Amino acid sequence: MSSCCEQNTNVLLVTLSAQGHLNPILRLGKSLVSKGLHVTLATNSSTLKNMSSAPNSTGGIHHEFFSDGLPIDYNRKANMDHYMDTLSKFGPVNLLALIQSHPSKFACIIHTPFVPWVSDVAADVNLPNAMLWIQPSTLYQIYHRFYNRLDDFPTESNPDMSVKLPGLPVFHADELPSFVLPSNTFRSFDSILKQVFHNMHKVKWVLGNSFMELEKDVIVSLNNGGHVFWPVGPLVPATLLGKEEDDDLFKSNEDSNCMEWLNKQKPSSVVYISFGTLLFLSEKDIKNIAAGLKSTNRPFLWVIRMPENKELPEYGFLDEIKEQGLIVSWSPQTQVLSHPAVGCFLSHCGWNSLLESVVAGVPVIACPQWTDQPTNAKLVTDVWGVGVKLKKDSDGGFSGDEVGRCVEEVMSGLKSEVIRKNALELKAAAREALMNGGSSDNNIRMFVDEVVSFCS
Ligand code: UDX
């Protein structure tokens, strides 16, 4: 039951305008609303053009917008460096003005990781600050140890070394996130992560998009190491948890054929393939996946995304398998993963896709490419035991034979029963964590109690 103070407590959420950041913080906001808080979400004005719902509120959350210094139509995804630069220049001033002119008095500010300057704004207006960490807790530990130079990591002269960090298994160099490797070429992400981890002493609570039962050892280790790290997830779409509401902020161009086609397939028979929202497969990768699928003769649902304004070329090798499955440019992924016909998920192992797969209880074939994905793939195979990993060739690609081998191993191989059992156990644990009295629900309550105590 909410106290009088809870009903008057207003929390401000702040994020940049990216789907993978907005959706989890919006879901956290909904949890806070359900616990009796008032929630305001502040993001860049550019978010407005992609929003699917009424711009003044979503699920009880009030929306506010501040300028990042760029025109609304500027292509932020294609010019990430420039976007991050202007956002960190104009964001603090505009956010401060928004807070100072807002009719509500806020009790706390919660931000997503790539806007570390929000901690400085929170300090300026004397408000406690929490960060919603949107990747695995494992990644938080790795970056914390790396950016604060607490352990040795691979270097140019020792590029293949393994790393053992508190609460985690041994990671070989190729299982570490690409940003901590000497081969990393994405300097802008490196620089922003460095700022995030150098600013963490200003953050009072870290709320993780994970749950205790999924990453227990590392979460315990983080809390023993002086962090207040409380997992509050999995922050996945409500539809995946069997609720009717549609809580995605962004419009999407789903291919409605998917569900109709899945309805005609046998239970647990379909291989679902998707590589998230950022990666584009090369012709060689598409050809090898097609060859692997053909060798299994199993039905498949395959999302092949192409760069903006480009069409999928008419490859002959895709014609050969067109009767065997369905190829689309976008799918309603959470509905797909919840469908009984889906037997396994060939995934790049982006954190949102993996959490969705865990909540749906679907086994994974891990095909990681960069950033957190190699580390997430290690969790899939060695920690959770819910899938297998595609072995790479010497040139970093993978063969059609390997795709076929992995599909068979997960669908009907010796390990398939154990994999399926582990996946179903994690599915149950994910739901329990969110239920009344579950581990994540308790963490949200603890957080709300602390925030309320600051304003009483
Ligand atoms: C990026 C990084 O690549 C990833 O490594 C990191 O963990 C998060 O940020 P992205 O590549 O987009 O994410 O992958 P992911 O995190 O898996 O998110 C993709 C989202 O798009 C999922 O929520 C998925 O349900 C959705 N999606 C994808 C669809 O709804 N339909 C599709 O056809 C493809």
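**Figure 1. Helix H12 and the glycine that follows.** Gly361, just after H12, has a positive phi of about 70 degrees. The model shown here and in the other views is predicted. In H12, 10 of the 10 residues are buried, so this helix is largely enclosed by the rest of the structure. The buried residues are Trp351, Asn352, Ser353, Leu354, Leu355, Glu356, Ser357, Val358, Val359 and Ala360.

**Figure 2. Cys349, in the loop between strand E12 and helix H12.** Strand E12 covers residues 342-347 and helix H12 covers residues 351-360, with Cys349 in the loop between them. The phi of Cys349 is near 70 degrees, which is a positive value in a residue other than glycine. Is Cys349 buried or exposed? Cys349 counts as buried, because 28 C-beta neighbours lie inside 10 Å and the cut-off for a buried residue is 20 or more.

**Figure 3. Thr371, in the loop between strand E13 and helix H13.** Strand E13 (364-366) and helix H13 (373-383) are the two elements joined by the loop that holds Thr371. Thr371 has a phi near 45 degrees, again a positive value in a residue other than glycine. With 21 C-beta neighbours inside 10 Å, Thr371 counts as buried.

**Figure 4. Lys378 in helix H13.** This view centres on Lys378, a residue of helix H13. Lys378 is buried, with 24 other C-beta atoms within 10 Å. Which residues does Lys378 touch, not counting residues up to four places away in sequence? They are Phe171, Glu175 and Val383. Gly350 and Lys378 are 28 residues apart in sequence, and their C-alpha atoms are 12 Å apart in space.

**Figure 5. Val328 in strand E11.** Strand E11 consists of residues 325-328, and Val328 belongs to it. Val328 is partly exposed, because 19 other C-beta atoms lie within 10 Å and a buried residue needs 20 or more. Ser274 is 54 residues away from Val328 in sequence, with a C-alpha to C-alpha distance of 10.0 Å.

**Figure 6. The cis peptide bond between Gly233 and Pro234.** Gly233 and Pro234 are joined by a cis peptide bond, with omega at about 5 degrees. Pro234 is in the loop that runs between strand E8 (229-231) and helix H8 (257-263).

**Figure 7. Helix H3 and its bend.** H3 runs over residues 80-101, which makes 22 residues. From its first C-alpha to its last, H3 reaches 30 Å, close to the 32 Å expected at 1.5 Å a residue. Where does H3 bend by about 40 degrees? The bend is at Gly91, and the proline Pro92 follows within four residues. Gly91 is also one of the buried residues of H3; the others are Tyr83, Met84, Leu87, Leu95 and Ile99. The buried residues of H3 pack against four strands and two helices: E1 (10-14), E2 (38-44), E4 (61-66), E5 (106-111), H4 (118-124) and H6 (187-198).

**Figure 8. The contact between domain 1 and domain 2.** Domain 1 takes in residues 10-232 of the protein chain, and domain 2 takes in residues 254-430. The C-alpha centres of the two domains are 28 Å apart. Where the domains meet, 18 residues of domain 1 are in contact with 17 residues of domain 2. On the side of domain 1 that touches domain 2, the elements giving two or more residues are helix H2 (19-34) and helix H5 (137-147). H5 gives the most to this side, with 3 residues. The residues of this side of domain 1 divide into 10 nonpolar, 5 polar and 3 charged.

**Figure 9. The whole chain, for orientation.** The protein chain contains 16 helices and 14 strands. Its radius of gyration is 22 Å, close to the 23 Å that the globule rule gives for 456 residues, so the chain is as compact as a globular protein of that length. Along its principal axes, the C-alpha trace spans about 65 × 50 × 45 Å. Of the 456 residues, 44% count as buried. Among the contacts with a separation of 6 or more, 69% are between residues 24 or more positions apart.

Conventions: Residues are numbered from 1 along each chain as its sequence is written. This is a predicted model: local features need pLDDT of at least 70, side-chain atom pairs count only at pLDDT 80 or more; totals for chains, interfaces and linings use all residues. Domain bounds come from an automatic or database domain assignment. Two residues are in contact if their C-beta atoms, placed from the backbone, lie within 7 Å. Ala, Val, Leu, Ile, Met, Phe, Trp, Tyr, Cys and Pro count as nonpolar, Asp, Glu, Lys and Arg as charged, and the others, Gly among them, as polar. The radius of gyration is taken over C-alpha atoms; the globule rule is 2.2 Å times the number of residues to the power 0.38. A residue is buried if 20 or more other C-beta atoms lie within 10 Å of its own, exposed if 12 or fewer, and partly exposed in between; C-beta atoms are placed from the backbone. The expected span of a helix is 1.5 Å times one less than its number of residues. The bend at a residue is the angle between axes fitted to the seven residues ending there and the seven starting there.
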